[in-house]
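Good morning, and thank you for letting me talk through a structure today. Please have the sequence and the model in front of you, and follow along as I move from place to place.

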Amino acid sequence: MKQLPRHQCLIYKGSPSRNLPALAVTIRQWLDKDYRCLYLNNPAMVSAIKYCLEEAGVSVDEQIAQTNLVLSSDQKHLKAGHFDIDRMLETLDSALNQALRDGYQGLWASGDMTWELGAEKNFDKLLEYEWRLEEYFRSHPALAGICQYNADTLPAEVVRQGVVTHPVIFLNETLSRINPQFLEPKSYTKQAVNYPALDDTIEHLCAPK
């Protein structure tokens, strides 16, 4: 079976905690593949994912002690409190290279975009960041991950951009799907993210399961 592209997104509404059981099982699956796993979110979500990981059969303290698992609220990728694309990609590149040097097959990472952008919430940078991140994924096959987009806390246009910049949509721990609305950068226009069908897709993805 052909492997799905590794740059995926999770679109949701409501409390981010509703996604944690699925993300915890996904983390366990990647740990089993001998990947270092990095989960980046606010302190409350980091505490909550620990509980869900234990429920999913992960010995959290042991995995952290062995550096297999990194749960972090660190925002060192911010530059004087501002989201900096180069710094974020450098942080990711450093984490991937360290994982490979440490003998892992690769790095799996997931972060909530609301948290990653910091207090400044400069959404103007997000589109460029996702295009450059997709390019990085394509040139680094040992990297996999999920970008989390909360449609309640992010502007509608940003969520639309999140959909069209990811080749795969994460649905749950057992199902991801090729995204038919993914656009290559050369095909992107403002008009491309302002049509009703895209909003219908987002509503469907955010509907209670």
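I would like to begin at S17, which is found in the loop between β1 (7-12) and α1, where helices (H or I, at least four residues) and strands (E, at least two) are DSSP runs, numbered from the N terminus. S17 is partly exposed, with a relative accessible area of 34%, and on this scale buried means under 20% relative accessible area, exposed means over 50%, and partly exposed is in between (1.4 Å probe, protein chains only). Although S17 and A48 are 31 residues apart in sequence, they are 7.3 Å apart in space, C-alpha to C-alpha.

Before going further, I should say that this is a predicted model, in which local features need pLDDT of at least 70, side-chain atom pairs count only at pLDDT 80 or more, and totals for chains, interfaces and linings use all residues. Residues are numbered from 1 along each chain as its sequence is written, and side-chain values use heavy atoms, with hydrogens and water left out.

Let us now follow the chain into α1, a helix of 13 residues that reaches 18 Å from its first C-alpha to its last, close to the 18 Å expected at 1.5 Å a residue; the expected span is 1.5 Å times one less than the number of residues in the helix. Which residues of α1 are buried? They are L20, A22, L23, A24, V25, T26, I27, W30 and L31. One of these, W30, has a neighbour to point out, for the charged end of K33 sits over the ring of W30, 4.1 Å from its centre. A charge is said to sit over a ring if NZ of Lys or CZ of Arg is within 6 Å of the ring centre and within 35 degrees of the ring normal.

After α1 comes D34, in the loop between α1 (20-32) and β2, and the phi of D34 is near 65°, a positive value in a residue other than glycine. D34 is partly exposed, with a relative accessible area of 34%. A second case is T67, in the loop between α3 (60-65) and β3, which has a positive phi of about 65° although it is not a glycine. T67 is partly exposed as well, with a relative accessible area of 36%.

I turn next to the aromatic rings. A pair of aromatic rings is described by the distance of the centres and the angle of the planes. Rings of Phe, Tyr and Trp (its six-membered ring) pair if their centres lie within 6.5 Å, and planes under 30 degrees apart count as stacked, over 60 as edge-to-face and the rest as tilted. How many aromatic pairs does this rule give? The count comes to three, and I will show you two of them, beginning with F83 and Y129, whose ring centres are 5.3 Å apart with planes at 85°, so this pair is edge-to-face. Because F83 lies in strand β5 (residues 82-83) and Y129 in helix α6, the pair ties together parts that are 46 residues apart in sequence. F83 is buried at 1% relative accessibility, and Y129 is buried too, at 3%.

The other pair is W131 and Y188, with ring centres 6.0 Å apart and planes at 75°, so it is also edge-to-face. Here W131 lies in helix α6 and Y188 in the loop between β9 (175-178) and α8 (196-206), so parts that are 57 residues apart in sequence are tied together. Both W131 and Y188 are buried.

Finally, please look at the largest pocket, which holds about 530 Å³ of space. On a 1 Å grid over the protein atoms alone, a pocket is an open set of points where a 1.4 Å probe fits, with protein on both sides within 12 Å along at least five of seven lines, and lining residues have an atom within 4 Å of a point. Of the 28 residues that line this pocket, the closest to its centre are L38, T91, L92, A95 and A109. Which element gives the most to the lining? That is α4, with six residues, while other elements that each supply at least two include β2 (35-40) and β7 (143-150).

Conventions. Grid points are joined across faces, edges and corners, and a volume is the space filled by probe spheres set on the points.
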